[in-house]
Amino acid sequence: MARRGRRTTHDPRPRWYSPAEVAALLGFGISKVKMKIATGELRSIKDGKYRRIRPEWIDDYVRDQVQRHEAA
């Protein structure tokens, strides 16, 4: 319960995604997402044995792709 006078906002997006979830979001295959991670095009972290991608890193990747396309 929020305290009086304080409002809390909740971002409905998850704090991070798995590579499979990112693949579904971007319309890619899982192997393409894994390649983008391996080449550093898509930032990720290792959490135990799992890879995780923050929503803002997906946004950064999409923004970079749009900028590359517009510059071409």
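Trainee: In what order do the elements of the protein run from the N terminus on?

Mentor: This is a predicted model, and in it the protein has 3 helices and 2 strands. Read from the N terminus on, these elements follow the order α-α-β-β-α.

Trainee: How are helix 1 and helix 2 oriented to each other?

Mentor: Helix 1 covers residues 19-26 and helix 2 covers residues 30-39, and their axes come within 8 Å and cross at roughly 110°. Angles of 65 to 115 degrees count as roughly perpendicular. Helix 1 and helix 2 are therefore, with respect to each other, roughly perpendicular.

Trainee: Which residues of helix 2 are met by residues of helix 1, and into which classes do the residues of this contact divide?

Mentor: On the side of helix 1 the contact is made by P19, A20, V22 and A23, which meet I30, V33 and I37 in helix 2. Divided by class, the residues of the contact of helix 1 with helix 2 comprise no charged, no polar and 7 nonpolar.

Trainee: Staying with A20, is this residue buried, partly exposed or exposed?

Mentor: A20 has its place in helix 1, and its C-alpha atom is separated by 5.6 Å from that of I30, 10 residues apart along the chain. Buried would require a relative accessible area under 20%, and exposed one over 50%. The relative accessibility of A20 is 47%, so this residue counts as partly exposed.

Trainee: And S18, is that residue buried or exposed?

Mentor: S18 lies in the segment before helix 1. Leaving aside its neighbours within four places in sequence, S18 has contacts with R51, R52 and I53. Because its relative accessible area is 16% and the cut-off is under 20%, S18 is buried.

Trainee: What share of the residues of the protein count as buried, and what share of the contacts between residues at least 6 apart in sequence join residues at least 24 apart?

Mentor: The protein has 72 residues, and of these 22% count as buried. Among the contacts between residues at least 6 apart in sequence, the share that joins residues at least 24 apart is 52%.

Trainee: Which residues line the largest pocket, how do they divide by class, and what is the volume of this pocket?

Mentor: The lining of the largest pocket consists of H10, D11, R13, P14, R15, R54, P55 and E56. By class, this lining has 5 charged, 2 nonpolar and 1 polar residues. The volume of the largest pocket is about 160 Å³.

Notes:
Residues numbered from 1 in each chain as written. Predicted model: local features only at pLDDT ≥ 70, side-chain atom pairs only at ≥ 80, totals over all residues. Heavy atoms only, no water. Axes fitted to C-alpha atoms, helices over the stretch in contact; angles between N-to-C directions. Helix = DSSP H or I, 4+ residues; strand = E, 2+ residues; numbered from the N terminus. Parallel < 35°, antiparallel > 145°, perpendicular 65-115°, else oblique. Contact = heavy atoms within 4.5 Å. Nonpolar A, V, L, I, M, F, W, Y, C, P; charged D, E, K, R; others polar. Buried < 20%, exposed > 50% of the residue type's maximum accessible area, 1.4 Å probe, protein only. 1 Å grid on protein atoms, 1.4 Å probe; cavity = no way out; pocket = protein on both sides within 12 Å on 5 of 7 lines; lining within 4 Å. Points joined across faces, edges and corners; volume = space filled by probe spheres on them.
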